[in-house]
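Visitor: I want the reasoning behind the labels. Take me through them one at a time.

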Amino acid sequence: PAMTTATTTDTPAYAPKLVVFVDGSVYSRSVCDHAAWIARHTGASVELLHVIDRRKLASPPSDLSGSISLGARSALLEELSNLDEQRSRLAQLHGRAILEDAKAVMDEAGIENVSTKLRIEDVVEAVTETEADADLLVIGKRGEAAHFAKLHLGSNLERIARHSKKPVFVASRAFKPVKRCLIAYDGGPSAMKAVDHIGRSKLFANIECHILIVGEDSKQNQQRLADAKALIEAGGHKASGEIIPGIPDKTIARVVDEQGFDLLVMGAYGHSRIRNLLIGSTTTEMIRACLVPVLLFR
């Protein structure tokens, strides 16, 4: 009988993956710079994604009823169809140019494992289909209309943050190396997930982490703070913390500004949409008020 030799193969190490949304806005450069910084510290691969909303490609509905002759109506329909094809072709050329520019930024930063993808669909559909094998989504705070709506968030940001099951990194207008991060902690599931992630992540190895609980200085909050601090320190990271009374969104924004933090980490959208509709969302207010990037966990 033939002899068989047992062989062993090393299991390849798991490599994290970033999905980076680029749209050609003034935030795109910052999005790429932040993604490159994350990839450099974690060894993650990068997928640059540009999404073309198919609803914006179609011509507006036209009323072709009335006294238009059959031949004229058919000719007009043909012209509208040709216009749709032209609009779609130009949008795809524009999208590919945006991806090429983003890829050039990643190449300049020395990030090697980079791919590009162009999709024509709703952005929420794109998130659902691309995040399955992703560890983190990166997006700009505002989109292509940033110059015209400085007080409003990007139209896709909240939709992505609400629907994504993965952490979302919201890039600020300009990139700045992160040395200190503030963790807004309330003991809830999403905040606990954030602390656990930080404790395990290479990204935070050389970042000073400060945990902030906004509320009463009670035994329960003191225990929450101690537990969160211990979890981060167990990963070999530096951690400190404090409890401050006040209104969460205003207090967090003030601490970020006064103490010069470079990154805010927090749980995202912990309450129902109905409640947010009535009294606003702390998450949305934080993203709007803070000039630093925000890392969100669901």
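Visitor: What makes the charged end of Arg180 count as sitting over the ring of Phe261?

Guide: This is a predicted model, so the values are computed from it. The charged end of Arg180 is 4.2 Å from the centre of the Phe261 ring. The cut-off is 6 Å, with a further limit of 35 degrees from the ring normal. Arg180 is listed as sitting over that ring, so it passes.

Visitor: How many aromatic pairs are there?

Guide: Zero. A pair needs ring centres within 6.5 Å.

Visitor: Why is Asp122 called buried or exposed?

Guide: Its relative accessible area is 12%. Buried means under 20%, so Asp122 is buried. Asp122 lies in the loop between strand S3 (114–120) and helix H3 (123–130). Leaving aside residues up to four places away in sequence, Asp122 touches Val51, Arg54, Arg55 and Arg159.

Visitor: What label does Glu233 get, and why?

Guide: Partly exposed. Its relative accessible area is 37%, and the label covers values between 20% and 50%, so it fits. Glu233 belongs to helix H6 (residues 219–234). Glu233 and Gly199 are 34 residues apart in sequence, yet 6.9 Å apart in space, C-alpha to C-alpha.

Visitor: Why is there no bond between Cys209 and Cys181?

Guide: The closest cysteine sulfur to that of Cys209 is in Cys181, at 3.7 Å. A disulfide needs the sulfurs within 2.5 Å, so this pair is too far for a bond. The whole structure has zero disulfides.

Visitor: Are Cys209 and Cys32 buried or exposed?

Guide: Cys209 is at 0% relative accessible area and Cys32 is at 2%. The limit is under 20%, so Cys209 is buried, and Cys32 is buried.

Note on methods
Residues are numbered from 1 along each chain as its sequence is written. This is a predicted model: local features need pLDDT of at least 70, side-chain atom pairs count only at pLDDT 80 or more; totals for chains, interfaces and linings use all residues. Side-chain values use heavy atoms; hydrogens and water are left out. Rings of Phe, Tyr and Trp (its six-membered ring) pair if their centres lie within 6.5 Å; planes under 30 degrees apart count as stacked, over 60 as edge-to-face and the rest as tilted. Helices (H or I, at least four residues) and strands (E, at least two) are DSSP runs, numbered from the N terminus. Buried means under 20% relative accessible area, exposed over 50%, partly exposed in between (1.4 Å probe, protein chains only). Contact means heavy atoms within 4.5 Å.
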